[in-house]
Amino acid sequence: MAALHRGLWVGMALLASFMAPACGPETPTGREPEVGELESGGSGLEADQSPLPPLNREALRQAIANLPNDEVTGALVRVSGADGHWLGTSGVADIHTGAPIPTNARFRIGSMTKVFTATVVLQLVAEGRVDLDQPVQHYLPGLLPDGVFKPITVRQLLNYTHGLPGVPVPQKDPEWFFENRYHHFSPRELVALALPAGPRFDPGQKQEYGNIGYIVAGLLIEKVTGRPYGEEVQARILRPLHLRDTSVPGNDVTIPGPHAHGYELVPPTEEGCPDGATAYRGQCLVDVTEASQSVPWAAGEMISTTADMDRFLVALFQGRLLPRAQLKEMFTVPDVSDVKGERASFAAGLGRFVVNGITFWGKSGDRHGYNNGMGATRDLRRRLVYSVNTLRMGQDQPRIAARIIAAAVSDPSQP
């Protein structure tokens, strides 16, 4: 699912990618009250972190200006917090009609789905139905071959220290995608494809980002509850928080409601754009909006809006979804190195990002045609949710994302 596998700085850099020609502060109706009084008290800033600058609306406008370009067709960004709110869009939702991107556009959130999945698992922990220190093999006997995989705790599953091999499906390769975009994989089929490679490392020794742990976490939810993981997400999170524009698509390949289309850039032939592609601004684009989301499944299949994701962040950070002990797991990064030898940066569901000296907690995610991110300071005084319609699946995040992230914490007094 969403590929933010490139470390947390990239993840946070993924937190920015949208534009808005003419957008000012937004005051959404029915918004959750601001939070300045979390456990940390005071400013809520983490130790040794830079002061939070005022909201820089002009920098945000400039960060997403002049779309479409050769990297993205459109962008949507929402910044909220103690200094006010800003909502911006830029580019087009449909290259055929030229329609602008609606501010309530839905998009495929990719790996941000992992935060929902982790929340459900931790709710089951709070209910005494799952033990974080119990091996996954206890709950899912037979899934991981005995004698090949050492005991992997539920906690290790959630914080990417499990050592399981990745799913060998090249879902971000355009050729593979166009051949398999409507094919449905079962979660157990994906796990079975991954396991022959054997363990990557002993559980708890390193951290390696990937989807496989959250596919297994989805199976864990289903085994413990006896219901599809998507129904648990709906019953435990979406309905209580009134996230009416957020969904778990399952077998539905469409995006319901208002949305921007996702596109993939393809090379032209000698005669022009190939069949199925549309000539647009000197490029050949194929609409990739509709596609099966069975490969990422519980690791990255969900659909949402910037408003719903902001509401979810607020409720989660405020402790309205999890008791204190379980919420702490989402802000506790294991004291290990990642497989590249760098400091681990992921906790259970959330990742830790430092931008201009300010610590954010959040997640990035992408699917074909969509590159997204969300993050917030621990005290919720600055929150960012964005989505960008990228034209190159599986490539580095578009440069506009880094510009938006930087703009979200830039100082208006600085040139």
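**Notebook: sheets, helix packing and two backbone details**

I began with the sheet that holds β1, and I read it as an open sheet of six strands in the order β2-β1-β11-β10-β9-β8, with antiparallel pairing. At its edges I noted β2 (86-91) and β8 (351-355), each of which pairs on one side only. From one strand to the next, the twist averages 20 degrees. I keep in mind throughout that this is a predicted model.

Confidence was my next entry. The protein averages a pLDDT of 89, and 88% of the residues score at least 70. I marked residues 1-45 separately, since over this stretch the pLDDT is below 50, although the model gives it 182 contacts beyond near neighbours in sequence.

I then returned to the six-stranded sheet to look at one pair of its strands. Strand β1 (residues 72-81) runs antiparallel to strand β11 (residues 382-390), and I recorded eight bridges between them. As a point of register I took V77, whose bridge partner in β11 is Y386. I also looked for what covers these strands, and found that helix α12 (residues 399-408) lies across β1, β8 and β11, running at about 165 degrees to β11.

Ahead of β1, I checked the loop that follows α2 (57-63), which is where P68 has its place. The peptide bond joining L67 and P68 is cis, with omega at about 0 degrees.

The other sheet I looked up is an open one of three strands, ordered β4-β6-β5 and paired in the antiparallel sense. Here β4 (263-266) and β5 stand at the edges with a single partner strand each, so one side of each is left without a neighbour in the sheet. The twist in this sheet averages 45 degrees from one strand to the next. Between β5 and β6 I recorded three bridges in the antiparallel sense, and for T278 the bridge partner in β6 is L285. In the loop between β5 (278-280) and β6 (283-287) I came to R281, which has a positive phi of about 55 degrees although it is not a glycine.

My remaining entries concern helix packing. Two packed helices are described by the angle between their axes and the distance between the axes.

For helix α7 (residues 187-194) and helix α8 (residues 212-225) I noted a packing angle of about 140 degrees, with the axes 10 Å apart. That angle makes α7 oblique to α8, and α7 passes α8 in a left-handed crossing. On the α7 side I listed P187, R188, L190, V191 and A194, and on the α8 side I212, I215, V216 and L219. By class, this contact of α7 with α8 has eight nonpolar residues, no polar ones and one charged.

For helix α3 (residues 113-126) and helix α9 (residues 229-238), the axes come within 10 Å and cross at roughly 80 degrees. I therefore entered α3 as roughly perpendicular to α9. The contact draws on T113, F116, T117, T119, V120, Q123 and L124 of α3, together with Y229, E232, V233, R236, I237 and L238 of α9. I wrote down seven nonpolar, four polar and two charged residues for the contact of α3 with α9.

Notes: Residues numbered from 1 in each chain as written. Predicted model: local features only at pLDDT ≥ 70, side-chain atom pairs only at ≥ 80, totals over all residues. Heavy atoms only, no water. Pairing = 2+ DSSP bridges. Helix = DSSP H or I, 4+ residues; strand = E, 2+ residues; numbered from the N terminus. Axes fitted to C-alpha atoms, helices over the stretch in contact; angles between N-to-C directions. Contact = heavy atoms within 4.5 Å. Parallel < 35°, antiparallel > 145°, perpendicular 65-115°, else oblique. Left-handed = near helix turned anticlockwise from the far one by under 90°. Nonpolar A, V, L, I, M, F, W, Y, C, P; charged D, E, K, R; others polar. pLDDT = per-residue confidence, 0-100.
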